[in-house]
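Colleague: I'm new to reading models like this one. Please pick the inside of it and take me through that part slowly, explaining the terms as you go.

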Amino acid sequence: MAVRHLGISFLVLFLFSPSAGIAQEPHGAKPASKQIARPRTEAAKPAPKANLPNIILITLDTTRADRMGFLGSTKGLTPNLDAMAKQALVFPHAYSHVPITTASHTTILTGTFPQYNRVNDFGVPLSDKLPYLPDLLHHRGYHTGAFVSSIILDPLDGTAPGFDRGFDVYDAGFRKRPRGADRYKTIERRAGDVVNHALGWLSQLPDGPFFLWVHLYDAHDPYDPPSPYKERFASAPYDGEIAYADASVGKLLGELRKHGLYDETMIAVMADHGESLGAHGENTHGIFLYDETLHVPLMIKLPLNRDAGTRVDARVGLVDVAPTLLQAAGIAVPKEMQGQSALELMKDGATQDRPAYAETDYPHRGFGWSSLRALRTGKYLYVQAPERELYNQANDPGELHNLASQSAAVADTLSGQLQDFRARTSQTLVELAKPDPEQMQKLQSLGYVASSTAETQDDKKLSGADPKGKIQISNDLHDAMLDVEDARYQEAVPLLQTILKEEPSMPVANMQYGIAQARLGNFREALAPLQKAIKTLPDNTLGRYELGLALFESGDWKGAAPEFEAVVERAPRWTDAHFSLAAVYARIDRVPEAMTELDTTLSLNPDHYRANLLRGRILSLQRNPVAAVTNLEKAAKVQPASREAHLFLADAYQQLGRVVDAQHELAEAKKLSGPTPQ
Ligand SMILES: [Zn+2]
């Protein structure tokens, strides 16, 4: 290759900063039908078996059980769900195992507990060794589609890597939110739009059973329902979001009825977790394990509405959902699934008490406090915390009177049961989650902490302050995070400074502070807090991505490379991360590696504007105009208003001797304003 030894980096220059246009490269804000990523497994798909029922899984984010009419609420928020409940099995005592969106959806879709699947935070990859409902159904010949409504369930941007396994279509396509941009066109989609996307997919399906997952994020804060719910629920916007989500579910169910699909289809509806709304001092969810965030709505309408209206009084968990759906569909439940089919429970007559386990690592990972664990059994809720808690739910449903010291013997017994349960249910997972030795070495060289034994890790998680005494700090931090999310960085900075004064090592506060400073252009100020956060959370892909950008922008190009390398290792389908790594490599004269990363970027998204532009420019500088033109023409087509694309294209045409074309491109470039790229 005749690369003139000026070094490519000096020629491509800052135009290709990895962060330039961080918010400009949506990986698919297009109609759902265009997003069909045809499955790699299509060829191997067996012919559909007769009599497999269609399955719809509806997850209502952040939705409390006590807002459901079919569970006794008199607020009248859920007429559509209430009507469906008459044809469904209803579970009045259903519990989430973890009050965090990604983690809870993992338990729902894998039928495994958090201590087994180890997905305890955003950005933790879902191991492909875990049983996964969409993948199992896909292998049985199902058409599979996911329609999610928040960036935090996007498998392609580092927040939910691995979630798209087994899906023909995974409709996400979210992007970071630039200042002033509409929340519902960037990081979140309203229920109505999600349902419309799903209906569009359903309308085009070929023959054969389908599995549809619809995720509605509306009830998650900020509580901001659209009209007319905004006005109707002006004093209770959280309720308004639930009423709006119910109406959207009603639209989906109505369309199914219209097409004669409703009765035959199995439909499961549940929340991933609830919302505290100030109870126990917690504003939202994630820290505590009380009923406000763990008692969730759950109903399952069986094919042909079998056992319509049956109430199953046994305590069940979201881990039981996947086994129930599989058994009801007549498909064998993988032995790795830890939940139990509710159909079995009905056979047993539900005489036995079924304890429900829950945990949250968020206080530890986010704040450096102690993780919490809980067991609901008999009439008791036991919470393992630095100051342990015991509540008699039979006469203290609000969980307000801690009996742990006066009933120490009961607390001891439940503590023992909780340990036993964890010991029985965490076992295989360490092996599952552990990468092979080669992978392990690679991760270590990228700065990931080698995982010690599960036991030591667990002990570490349980050290630290009791979240009970700190809850106001987490509320304040949540407010600051919303400011960062809404691009109010100036407002976020002083809030975060106050928090960090009190808790200087708090990982999430450091991360958010670093991000806010970086967005304000203060990259050097962003470095220390981001590095501090990453030291505690080395597996946090989003944090490492931000750190990579900040290092690059403050001139440490070589330091940026390993951060992006770590990110693509963990989230191999994150397009912009591959591009960022390519831009860094190009800058530090590792051109062949840059080309490899650009190829990966373009294999994930052939329309990636900056990847086409950079690849074309490098080829052009390598005197390979024939290949360069393909990328540059694509770049100019994707962003016709890009002056750079036309200028670079002119140069490539010139090299090919296509003088007229070159002049045309120069004229195009002249029409567009902006500084001349160097
Ligand atoms: Zn959630």
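Modeller: Let's start with the core and then work outwards to the sheet, a strand pair and a few loops.

First, some ground rules: residues are numbered from 1 along each chain as its sequence is written. This is a predicted model, where local features need pLDDT of at least 70, side-chain atom pairs count only at pLDDT 80 or more, and totals for chains, interfaces and linings use all residues.

The largest nonpolar core has 196 residues. A nonpolar core here is a set of buried Ala, Val, Leu, Ile, Met, Phe, Trp, Tyr and Cys residues joined through C-beta atoms within 7 Å. "Buried" means that 20 or more other C-beta atoms lie within 10 Å of a residue's own; 12 or fewer makes it exposed, in between is partly exposed, and C-beta atoms are placed from the backbone. In soluble globular proteins, nonpolar side chains tend to be buried together. V214, A268, M299, L325 and A582 have the most contacts inside this core. Helix α8 (residues 237–258) gives the most to it, namely 9 residues. Helices (H or I, at least four residues) and strands (E, at least two) are DSSP runs, numbered from the N terminus. Domain 1 (1–30 + 572–678) and domain 2 (55–350) each supply at least three residues to the core; those bounds come from an automatic or database domain assignment.

Now zoom in on A268. Leaving aside neighbours within four places in sequence, it is in contact with L57, I58, I300, V321 and L325. Contact means that the two C-beta atoms, placed from the backbone, lie within 7 Å.

Next comes the sheet. Its 7 strands are open and run in the order β2-β9-β7-β1-β6-β4-β5, with mixed pairing; two strands pair if DSSP finds at least two bridges between them. β2 (89–90) and β5 (169–171) are the edges: each has a single partner strand, so one side of each has no neighbour in the sheet. Further in, strand β1 (residues 55–60) runs parallel to strand β6 (residues 210–216), with 6 bridges joining them. In that pair, L60 stands opposite L216.

After β6, look at the loop that leads to α7 (229–232), where you'll find P222 and also P228. D221 and P222 are joined by a cis peptide bond, omega about 0°. The bond from S227 to P228 is cis too, with omega near 0°.

Back to A582's neighbourhood: helix α23 (residues 575–587) has 13 residues and spans 19 Å from first C-alpha to last, close to the 18 Å expected. That expectation is 1.5 Å times one less than the number of residues. In α23, 13 of 13 residues are buried. After the helix comes D589, with a positive phi near 60°.

Strand β11 (residues 356–360) is mostly covered as well, with 5 of its 5 residues buried. In a regular strand the side chains alternate between the two faces of the sheet. Here A356, A358 and T360 point one way, while Y357 and E359 point the other. β11 runs antiparallel to strand β12 (residues 372–377), joined by 5 bridges, and E359 stands opposite R373.

Finally, compare two loop residues. R118, between α4 (114–117) and α5 (133–139), has a positive phi of about 65° without being a glycine, and it counts as buried because it has 26 C-beta neighbours inside 10 Å. D307, between β9 (298–301) and β10 (316–317), isn't a glycine either and has a positive phi of about 55°, but with 16 other C-beta atoms within 10 Å it is partly exposed.
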